[in-house]
Amino acid sequence: MTDAVISATSVLCAAGFGAAQVWSSVRSRVSRIRNSSVMNHRFETIPMGLVPEEALDAYDADLDALDWPARARRMLRLAMPPLRELAPAFGDTPVVLYLGLPELTPEESPWLDKFSEQLCARAGLKFDEAASQIFPLGRAAVLVALESALEAMSADSSRPILVGGVDTFLDLRLLARLGAEGRVLGPRVMEGFIPGEGAAFLILRAAPAAGDSRATTVTLQGAASVSDPGHRYGTEPSRGQGLSDAIEALRHSLDPHGKPIATTFAGMNGESFDAKSWGVAQVRHREFLVPGMPLEHPADCFGDAGAAAGAILVALSAVALSKGHRAAPVLVWAASDRELRACAVITGPSV
């Protein structure tokens, strides 16, 4: 599997627009969580990390014409600002898009198959449908997409790949279901998560040759994913081993004599389920991790961004490395509600 340069990033979430702005908020521990207009079944307001309406793409008649659910239409509006920021890099070249989306099936959500096409059309981009893929896999989606993108670039590195994710929890039916499961943080739920939303995109290009002056750029060194039968909705006991297995698979693809992980950007959202997985992984891979390394968990600043989480974490790690705020290499990981656990290693300029 080849390396790939992360040549550009763009992020939109409650913490701001642009990876640099979001990282500034996260690094300063500035919370953008606010009480929303949505109430739970006890008529208590639900705290959420929502993007201000004025920061979204404008609502127009074309969105109504799609006859898509409100969640899908909001996701389009979330994705447009960061996608438009990166669009000039492609010009008239058809875009290969690997897109992470919520854990839904085409049967229950037929709009999934048309989402990427609509996204590119609204951004004025030519869309290479045959080479593009969607990954409706939740939080781990983008890291799985990165794994697939590296495999594709190993076969043909001549074309850049646009990898991204978008999601929102601002959906009344979804919030009602999560509330009934006791998962949404509130006065009576101490171990829940704060629903959020966001979109983020990265441009992957072929890594420079050894000795090239561009070798100081931020590079995706590897990615791996596994299925964990002991997931939140599974029938197997939860042993917290899925993330550990994903890291093990990742290590097999890396240089065994490489540096240990100096920073981690984690997909933890405040629930103990994923914290348990990280605890198991730390114990099993302690020789792979620098003792006392920084552990970043940005969801406490802007909420759980769902399928956008992986892309946001990678974009923030790229900015942190390029600015010299964190040491390389960086481990990024995320876990979906269901089977998927995924991780990636990012390298670059280090403090």
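## Cavities, pocket and salt bridges in a predicted model

The structure holds 2 cavities of 30 Å³ or more. Here a cavity is a set of points on a 1 Å grid, laid over the protein atoms alone, where a 1.4 Å probe fits but cannot get out, whereas a pocket is an open set with protein on both sides within 12 Å along at least five of seven lines; lining residues have an atom within 4 Å of a point. Grid points are joined across faces, edges and corners, and a volume is the space filled by probe spheres set on the points. The model is predicted, so local features need pLDDT of at least 70 and side-chain atom pairs count only at pLDDT 80 or more, while totals for chains, interfaces and linings use all residues. Residues are numbered from 1 along each chain as its sequence is written, and side-chain values use heavy atoms, with hydrogens and water left out.

### Cavities and pocket

The largest cavity encloses about 90 Å³ of space. Its lining consists of 14 residues, and those nearest its centre are Gly267, Ala299, Phe302, Ala309 and Leu313. H9 and H10 are the elements that give two or more residues to this lining, and H10 provides the largest share, 3 residues. Helices (H or I, at least four residues) and strands (E, at least two) are DSSP runs, numbered from the N terminus.

The second largest cavity has about 30 Å³ of space. Arg139, Arg232, Phe273, Asp274, Ala335, Ser336, Asp337 and Arg341 line this second cavity.

The largest pocket contains about 700 Å³ of space. It is lined by 28 residues, of which Arg71, Glu103, Leu104, Leu174 and Arg177 lie nearest its centre. Helix H3 (70-86) and helix H6 (172-180) each supply at least two lining residues, and the largest share, 4 residues, comes from H6.

The table lists the linings by class. Ala, Val, Leu, Ile, Met, Phe, Trp, Tyr, Cys and Pro count as nonpolar, Asp, Glu, Lys and Arg as charged, and the others, Gly among them, as polar.

| Space | Nonpolar | Polar | Charged |
|---|---|---|---|
| Largest cavity | 9 residues | 3 residues | 2 residues |
| Second largest cavity | 2 residues | 1 residue | 5 residues |
| Largest pocket | 13 residues | 4 residues | 11 residues |

### Salt bridges

A search of the whole structure finds 20 salt bridges. A salt bridge is a side-chain nitrogen of Lys or Arg within 4 Å of a carboxyl oxygen of Asp or Glu.

One of them joins Asp60 and Arg122, whose closest N and O atoms are 3.2 Å apart. Asp60 lies in the loop between strand E4 (45-48) and helix H2 (61-66), and Arg122 lies in helix H4 (residues 112-123), so this pair ties together parts that are 62 residues apart in sequence. Asp60 is partly exposed at 29% relative accessibility, whereas Arg122 is buried at 17%. Buried means under 20% relative accessible area, exposed over 50%, and partly exposed in between (1.4 Å probe, protein chains only).

Another salt bridge connects Arg139 and Asp304 at 2.7 Å, N to O. Arg139 stands in the loop between strand E6 (133-136) and helix H5 (141-155), and Asp304 in the loop between helix H9 (299-302) and helix H10 (309-322); the pair links distant parts of the chain, 165 residues apart. Arg139 is buried, with 4% relative accessibility, and Asp304 is buried with a relative accessible area of 4%.

Arg232 forms a salt bridge with Glu271, with 3.3 Å between the closest N and O atoms. Arg232 is in the loop between strand E9 (219-227) and helix H7 (242-253), while Glu271 is in the loop between strand E10 (263-266) and helix H8 (272-284), 39 residues away. Arg232 is partly exposed at 25% relative accessible area, but Glu271 is buried at 5%. Through shared partners, salt bridges join Arg139, Arg183, Arg232, Glu271, Asp304 and Asp337 into one network.

### Helix H7 and Leu56

The expected span of a helix is 1.5 Å times one less than its number of residues. For the 12 residues of H7 this gives 16 Å, which agrees with the 17 Å between its end C-alpha atoms. The buried residues of H7 are Gly242, Leu243, Ser244, Ala246, Ile247 and Leu250. These buried residues pack against E9, H8, strand E12 (330-335) and strand E13 (340-347), where contact means heavy atoms within 4.5 Å.

Leu56 lies in the loop between E4 and H2 and is buried at 8% relative accessibility. Leaving aside residues up to four places away in sequence, Leu56 touches Val51, Arg74, Arg77, Leu78 and Pro81.
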